[in-house]
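Hi there,

Here is the structure I promised to pass on to you. Please have a look at it first, and then read my notes below.

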Amino acid sequence: MKKKLILTALIVVAGLFSNETTAQKFRGIDKSPADIAMYSTKEDGAIAKIIYSRPQLNGRDMAKLAPAGKVWRLGANESTEVRFYKDVTFGGKPVKAGTYTMYAIPGDSEWTIILNKALHTWGSGSYKEANDLVRVTGKVSTNKDSVEALAIMFSKTGDMLIGWANTVVTVPVK
Amino acid sequence: MKKNVLVIALFAIAVLFSNETTAQKFDPMDKSPMDAVSFPSSYKISDKIVKVVYSRPQLKGRDLAKLAPAGKIWRTGANEAAEITFYKDVTFGGQAVNAGRYSLFTIPNEGEWTIILSTAKNVWGAYFYKQGEDVVRVKGKVSESEDTIEAFSMIFDEDMNLHMGWGNTIVSLTIK
């Protein structure tokens, strides 16, 4: 009896000190991984930061993935998010420092770029025009090289550049 | 002459309306892609309490103990330091933390990891880590994963506990 008690006690103690083994479900790398576009200068520090997901063409036609004339999530998964650390002029329109979601309406020679106030939304299904902050236009140019994974970046002069397939869309940020 | 002018005019109009062709370089996909997790985890719920944005290095046959050595500040991901945003005041690993945005660092160790919230913003890695910018240091409990986790991973469970997993190590922390 005593032996049994000691044994039980030992097992309990061992249980307490051994690392618990769990089968927590962690996810693999997303098919459209997220990435970051940062715009900062030495003088002003951080000005803008964009967090977006990067879908890839995988042999598909961009015009089908991001059809002209329709609101597009400008990425994948969670809505693309842009944070301005300072008041800026975005595509010619004043925008206060803050965090916004960003959408696009693709077009042939220019795209409409939308900043929207609803945060933490998913895709373009939950997009509501009533929450728009501004709509600006971005000029379309053609890239010689095809870009496989949707990319957003800032040029040294602060232009926001969106690149996918052979399309480049430019929106000046000041 | 008239014809010439017309040709030039047409050409000018064509140039105006055609898209400019450039050779713009965009970055390819990052080797340690970024990811985001939030709580509530459902994408249908926009009213979030907490969100983490971090980069996901992969083991690629390497040893976790070398990638995230014990006793040293680790950037807790790759590239930019991991960033955690609380949209409400919370209790993070037992300590009160105000709503706001923080950088998240860790110090790996055997039975528990130290998890640090810092006011440092937009920093790259842990190279610029300054203890003076600490908001809190709390402990995360280490457990063992049956399956090896190839890509560093963070998730929230249904009780808003934060779990970080890499290799066979899981570090868990309560958030309330």
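Chain B comes out of the prediction with an average pLDDT of 90, and 90% of its residues score at least 70. Everything here rests on a predicted model, so please read it in that light. For the complex, the predictor reports an ipTM of 0.78 together with a pTM of 0.82.

Let me begin with chain B. Its secondary structure consists of two helices and ten strands. Read from the N terminus, the order of the elements is α-β-β-β-α-β-β-β-β-β-β-β. The chain has 176 residues, and 31% of them count as buried. If you take the contacts in chain B between residues at least 6 apart in sequence, 52% of these join residues at least 24 apart.

Two strand pairings in chain B share β4(B), so you can follow them from one to the next. On one side of the list is β3(B), residues 50-55, which pairs with β4(B), residues 82-86, in the antiparallel sense over four bridges. Within that pairing, V53(B) stands opposite E83(B). The other partner is β7(B), residues 100-107: it runs antiparallel to β4(B), and five bridges join the two strands. Here F86(B) has G100(B) as its bridge partner.

Now to where the chains meet. The contact draws on 38 residues from chain A and 35 residues from chain B. On the side of chain A that touches chain B, the elements giving two or more residues are β1 (21-22), β2 (34-41), β3 (45-53), β9 (132-154) and β10 (159-172). Of these, β9(A) gives the most, with ten residues. By type, the residues on this side of chain A divide into 18 nonpolar, twelve polar and eight charged.

There is also strand pairing across the two chains. β9(A) pairs with β1(B), residues 21-22, in the parallel sense over two bridges. In that pairing, T142(A) stands opposite T21(B).

T142(A) turns up again around N166(A), a residue of strand β10 of chain A. Leaving out residues up to four places away in sequence, N166(A) touches T142(A), N143(A) and S146(A). Is N166(A) buried or exposed, or does it fall in between? It counts as partly exposed, because it has 15 C-beta neighbours inside 10 Å. Between the C-alpha atoms of N166(A) and K31(A) there are 21 Å, and the two residues lie 135 residues apart along the chain.

For a second residue in chain A, take a look at A104(A), which sits in strand β7, residues 98-105. A104(A) counts as buried, because 22 C-beta neighbours lie inside 10 Å and the cut-off for buried is 20 or more. Which residues is A104(A) in contact with, once its neighbours within four places in sequence are left aside? They are W72(A), L74(A), W111(A), T112(A), I113(A) and I114(A). As for G69(A), its C-alpha atom is separated from that of A104(A) by 9.3 Å, with the two positions 35 residues apart along the chain.

If you open the model, two places to start are the pairing of β9(A) with β1(B) and the surroundings of A104(A) in β7(A).

Best wishes

How values were computed: Residues numbered from 1 in each chain as written. Chains lettered and ligands numbered in written order. Predicted model: local features only at pLDDT ≥ 70, side-chain atom pairs only at ≥ 80, totals over all residues. Buried ≥ 20, exposed ≤ 12 C-beta atoms within 10 Å, placed from the backbone. Contact = placed C-beta atoms within 7 Å. Nonpolar A, V, L, I, M, F, W, Y, C, P; charged D, E, K, R; others polar. Pairing = 2+ DSSP bridges. pLDDT = per-residue confidence, 0-100.
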